[in-house]
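Q: Got a minute to walk through this model with me? I'd like to start with a turn.

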Amino acid sequence: MSERRPSPASKNSGNGRNGRGARRSVWRRALPSEHDETAGPPAPGSASAAEPAEPPSIVEAALYSDGVRVSTPSTLAETYRELRDTPSGMAWIGLARPTSDELLSLASEFDLHPLAVEDAMEAHQRPKLERYGDTLFVVLRAARYLDAPEEVDFAELHVFVGPDFVITVRHGAAPDLSAVRRRMEDSPDLLKLGPEAVLYAILDAVVDGYAPVVEGVQNDIDEIETEVFRGDPSVSRRIYELSREMVEFQRATRPLVGMLHGLMAGFTKYETDEELQRYLRDVADHVTHISERVDGFRQALTEILTVNATLVTQQQNAEMRALAEAGFEQNEEIKKISSWAAILFAPTLVGTIYGMNFREMPELHWGFGYPFAIGLMGVVCASLYVIFKRRDWL
């Protein structure tokens with residue numbers, strides 16, 4: 001935006017920047033007394049004085065005037081004080097996993113909406129853009145590709161943009177906002193355009209961070225295709241895990257398209273600088289391209305999973321066919337063995353009967369008894385052989 005517009009509260013106040021005291025009156029009533037700036041320090045020996053202070057979560061805070069850094073406050077209170085003393089200044093406060101007290105302090109000073117502050121406290125929000133009066137609240141999902149485990153790591157970033165301040169709340173390692181700050185400080189003509197320029201630079205950094213993720217995922221898909229046709233048994237798990245990451249990636253990129261188009265729709269209403277308009281259109285083009293590629297990745301993974309399931313089914317069918325053939329051959333061998341066992345059992349049975357030597361057996365004293373027994377054995381064996389042969393058991 002070419003000119004920073006004062007907030008409604010400051011317009012109604014006759015005290016310049018001190019009018020912010022009226023803006024945060026609602027929050028002051030909601031906060032405990034110890035958060036009031038007018039309250040004195042805790043008395044020595046009190047519970048609050050005895051407890052060790054939590055480490056600050058301020059990554060970096062800076063005050064800018066006409067695109068140039070004029071101060072680097074070390075605390076939030078110092079940032080508030082110096083911003084009040086700089087009528088044309090802009091505060092850029094970077095936080096990483098801040099405490100609720102720090103967020104409540106920022107809400108009190110800059111009149112942040114309670115719902116937006118609650119979202120920033122709880123995190124785990126979907127990408128969105130909401131406007132509360134003259135303050136924009138933006139939720140972004142940054143991503144980075146981890147080479148060692150070959151997976152995508154997602155982080156959440158919350159951005160509050162007001163007439164004279166930018167507050168970033170990071171929940172995760174990405175993105176590297178210090179690089180964004182350095183790039184903006186190296187371009188004072190762009191930085192002096194105000195908080196909107198910082199917001200667009202952050203959007204650009206988040207979207208640019210998607211490019212290495214897209215390349216890493218593309219390499220993973222190429223490797224998966226090779227593993228699928230190689231018959232790697234562990235590829236199904238890898239496909240499933242990458243598909244879940246692509247679902248998360250879609251949730252991070254798809255809402256950005258609508259968010260950026262919403263910002264572009266407000267160019268005329270909010271008198272956005274022409275340079276920023278071109279900047280945002282470029283970011284929107286990148287987001288659209290990334291979103292389309294992510295959609296393509298998910299479709300490709302679905303097709304690969306289908307192909308892998310088909311190949312696994314074919315392999316299982318081949319294994320079942322091989323087992324069936326082995327079982328059939330085994331049955332044929334068993335039939336042959338059983339047939340010969342039955343043939344050999346017949347003479348054994350006859351020989352056993354005549355080997356009992358009972359006195360009253362009529363064949364014992366018969367002259368043709370022995371040839372009759374041998375012939376009987378041969379007839380029985382031959383009959384069994386013919387029967388088994390006709391049934392293809394032999």
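A: Sure. β4 and β5 form a hairpin with two residues between them, and G133 in the turn has a positive phi of about 65 degrees. Strands here are DSSP runs of E, at least two residues long, and helices are runs of H or I, at least four, numbered from the N terminus.

Q: Before I trust that, where do the numbers come from?

A: This is a predicted model, so to speak: local features need pLDDT of at least 70, side-chain atom pairs count only at pLDDT 80 or more, and totals for chains, interfaces and linings use all residues. Residues are numbered from 1 along each chain as its sequence is written, and side-chain values use heavy atoms, leaving out hydrogens and water.

Q: OK, back to the hairpin. How many bridges join β4 to β5?

A: Five, with the two strands running antiparallel. R131 has L136 in β5 as its bridge partner.

Q: And what order do the strands take in the sheet?

A: Seven strands line up as β2-β1-β3-β7-β6-β5-β4 in an open sheet with mixed pairing. Two strands pair if DSSP finds at least two bridges between them.

Q: Which strands stand at the edges?

A: β2 (68-71) and β4 (128-132); each has a single partner strand, so one side of each lacks a neighbour in the sheet. Neighbouring strands are turned by 25 degrees against each other on average, direction ignored. Axes are lines fitted to C-alpha atoms, for helices over the stretch in contact, and angles run from 0 to 180 degrees between N-to-C directions.

Q: What about β6 and β7?

A: Six bridges join β6 (residues 151-161) to β7 (residues 165-171), and they run antiparallel. V161 stands opposite V166 in β7.

Q: Which helix packs on that part, touching β6 and β7?

A: Helix α7 (residues 114-122), which also touches β4 and β5 (135-146). Its direction makes about 155 degrees with that of β6. Contact means heavy atoms within 4.5 Å.

Q: Switching topic: which residues touch the most others in the largest nonpolar core?

A: L140, M184, Y200, I202, L203 and F249, out of 62 residues. A nonpolar core is a set of buried Ala, Val, Leu, Ile, Met, Phe, Trp, Tyr and Cys residues joined through side-chain atoms within 4.5 Å. Buried is under 20% relative accessible area, exposed over 50%, partly exposed in between (1.4 Å probe, protein chains only). Helix α10 (residues 195-230) gives the largest share, 17 residues.

Q: What does M184 touch?

A: Among others, W92, L190 and A201, not counting residues up to four places away in sequence.
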